[in-house]
Amino acid sequence: MKPLPVKKSPCLHRFWIMLVLSAGVLLVGCESGSRGKAGHAGLVYWPAANAQEIELAGLAAAEWNAAHPDVPVTVQPIPESQSTEEVLLAAVVGKTTPDVCSNIWPGVVGQFVRAGALVALDSFADFDSVAAARLPEGQREVFQYDDGRLYQMPWKSNPIMMEYNVRRLQEAGFTHPPATYSEFIRAGQALTRDLTGDGQPDQWMLYVDINVKWWLRYFDFYTFYLAASGGQTLIKNRQVTFDNRAAVEVFRFFRRCFELGIFPRASFQGDTFLAGQVATHITGPWNIAHVDKFKPAGFEFDYAPVPLPDSAAGPVVTYGDPKNIAIFSTCQNPRAAWEFVKFLISRRQDLALLRIASQLPIRRDLLSDSLYMPYFKEYPKMVRFAEQAPRTRGVDSAPELREVFDAISQEFEACCVLGRRTPEEAVQRAAERARQVLR
């Protein structure tokens, strides 16, 4: 088995900029625009600012420009800030948005739509055929806004799964990864250990970041909630839908694991999974390359879906951590922008996404298409994530989603970490706060 390409350090940022420049793509501010040979306005394209996606965008733009000299694409990585969303929201206010951006988090789409900042992609005549050929069944509805329109083209997904230490689970008597809450807890009780004799465990089943930052809940509560609820998200038609049994069971599971001591009530620096401090880790496909590079000799790891409540039945749905492509309403040539979007989601560009960025395109035929088969043969652990990809969900496009997750995170801490409220009380309080936010 060949390890995945290891993601490059941000210190190589300038190197990839030079690579893009050498490919004939100018990295300039979006306000400067671009011009084709005939004087027609070109397109400004913002990819994510990491080295892999800068490289990917540069190569794509160079190929596009060679075939479309009258509508050249100018690439500018999203300016660095605390978050992409902050940068894009500031650009919306200042009317300095790019024509096309491929780092759109679905949770912020609602704010953009309310501001009139996005082009409805289903206004293009061939959108339905393009979407139908690409999207797995049921995925289109996931990315629709409340008005039923599509303002984002689903592009890539990083399904969140359970990474596990094969040998440690074998020590607990498991020849397969735990699939239910009771199995997970039983394994955790067998594996949690005090190695130093001070009466406190030094090894646990899973590390959960107990910080109350709202976005952390995507990788614990929300991932487990999607699995427990069969893929039901938090809001529908601006009504709270997570005041239910699935949310209560997830809160009860996490509270129980903290009570039993199989999750530490502490914060750690570094990689607790590779350090052998935990037997499992909730993560996405980006972590394969990291573990392959830094794992100690003899370290065996694999991936499986997150566990379900004992009363639930699979298949497991998980958080897809998607990023999508949008056209901003400041674009002077939306038809050309749409053609460029279609180019970015073509089969060959999706293969480049896999090979350069180690991220999965949202594509219905990913494992059966002969174009991608050599890649998955070369990197077999990515197959686990490709198999999971059709059974993923993103997030609701409500503009208030951050405040909703903040309410959930506050109650997660009060109930699961500190044990101050029952699961029923915590879910009810989070749901009521979410209703107030959505009014």
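These legends accompany several close-up views of a predicted model.

**View 1. Six strands make up an open, mixed sheet.**
Reading across this sheet, the strands come in the order 2-1-3-12-4-13. At the edges you will find strand 2 (73–75) and strand 13 (360–361). Each of these two has a single partner strand, so one of its sides is left without a neighbour in the sheet. To get your bearings at one edge, look for strand 1 (residues 43–46), which pairs with strand 2 in the parallel sense over three bridges. A handy landmark here is L43, which stands opposite V73 in strand 2.

**View 2. Strand 3 sits between strand 1 and strand 12 in the six-stranded sheet.**
With strand 1, strand 3 pairs in the parallel sense, and two bridges link them. One pair to pick out is Y45 and its bridge partner in strand 3, V100. With strand 12, strand 3 pairs in the antiparallel sense over three bridges. Here I104 has N324 of strand 12 as its bridge partner. How many of the five residues of strand 3 are buried? Five of the five are, so strand 3 is largely enclosed by the rest of the structure.

**View 3. Helix 3 and helix 12 meet strands of the six-stranded sheet.**
Helix 3 (residues 84–94) lies across strand 1 and strand 3 (100–104). Its direction is at about 145° to strand 3. Helix 12 (residues 334–344) also packs on the sheet, where it touches strand 1, strand 2, strand 3, strand 4 (153–157) and strand 12 (323–327). The directions of helix 12 and strand 12 make an angle of about 160°.

**View 4. Four strands form another open sheet with mixed pairing.**
The order in this sheet is 6-9-5-10. Strand 6 (204–206) and strand 10 (301–304) stand at the edges; each has a single partner strand, so one side of each is left without a neighbour in the sheet. From one strand to the next, the twist averages 20°. Strand 6 and strand 9 (residues 278–283) run parallel and are joined by two bridges. To find this pairing, start at W204, which stands opposite V278 in strand 9.

**View 5. Helix 8 and helix 11 pack on the four-stranded sheet.**
Helix 8 (residues 181–191) touches strand 5 (161–165), strand 6 and strand 9. Its direction makes about 145° with that of strand 6. Helix 11 (residues 287–294) touches strand 5, strand 9 and strand 10. The angle between the directions of helix 11 and strand 10 is about 160°.

**View 6. The second largest pocket holds about 680 Å³ of space.**
Lining this pocket are 25 residues, and the closest to its centre are H281, I282, T283, W286 and N287. Which elements give two or more residues to the lining? They are strand 9 and helix 11. Helix 11 gives the most, with five residues.

**View 7. The cysteines shown here belong to a structure with zero disulfides.**
A disulfide is a covalent bond between the sulfur atoms of two cysteines. Why does C416 not form one with C415? Their sulfurs are 4.3 Å apart, which is too far for a bond, and C415 holds the closest cysteine sulfur to that of C416. C416 is buried, at 0% relative accessibility. Look also for C331, which is buried with a relative accessible area of 8%.

Terms used
Residues are numbered from 1 along each chain as its sequence is written. This is a predicted model: local features need pLDDT of at least 70, side-chain atom pairs count only at pLDDT 80 or more; totals for chains, interfaces and linings use all residues. Side-chain values use heavy atoms; hydrogens and water are left out. A disulfide is a pair of cysteine sulfur atoms within 2.5 Å. Buried means under 20% relative accessible area, exposed over 50%, partly exposed in between (1.4 Å probe, protein chains only). Two strands pair if DSSP finds at least two bridges between them. Contact means heavy atoms within 4.5 Å. Axes are lines fitted to C-alpha atoms, for helices over the stretch in contact, and angles run from 0 to 180 degrees between N-to-C directions. On a 1 Å grid over the protein atoms alone, a cavity is a set of points where a 1.4 Å probe fits but cannot get out, and a pocket is an open set with protein on both sides within 12 Å along at least five of seven lines; lining residues have an atom within 4 Å of a point. Grid points are joined across faces, edges and corners, and a volume is the space filled by probe spheres set on the points.
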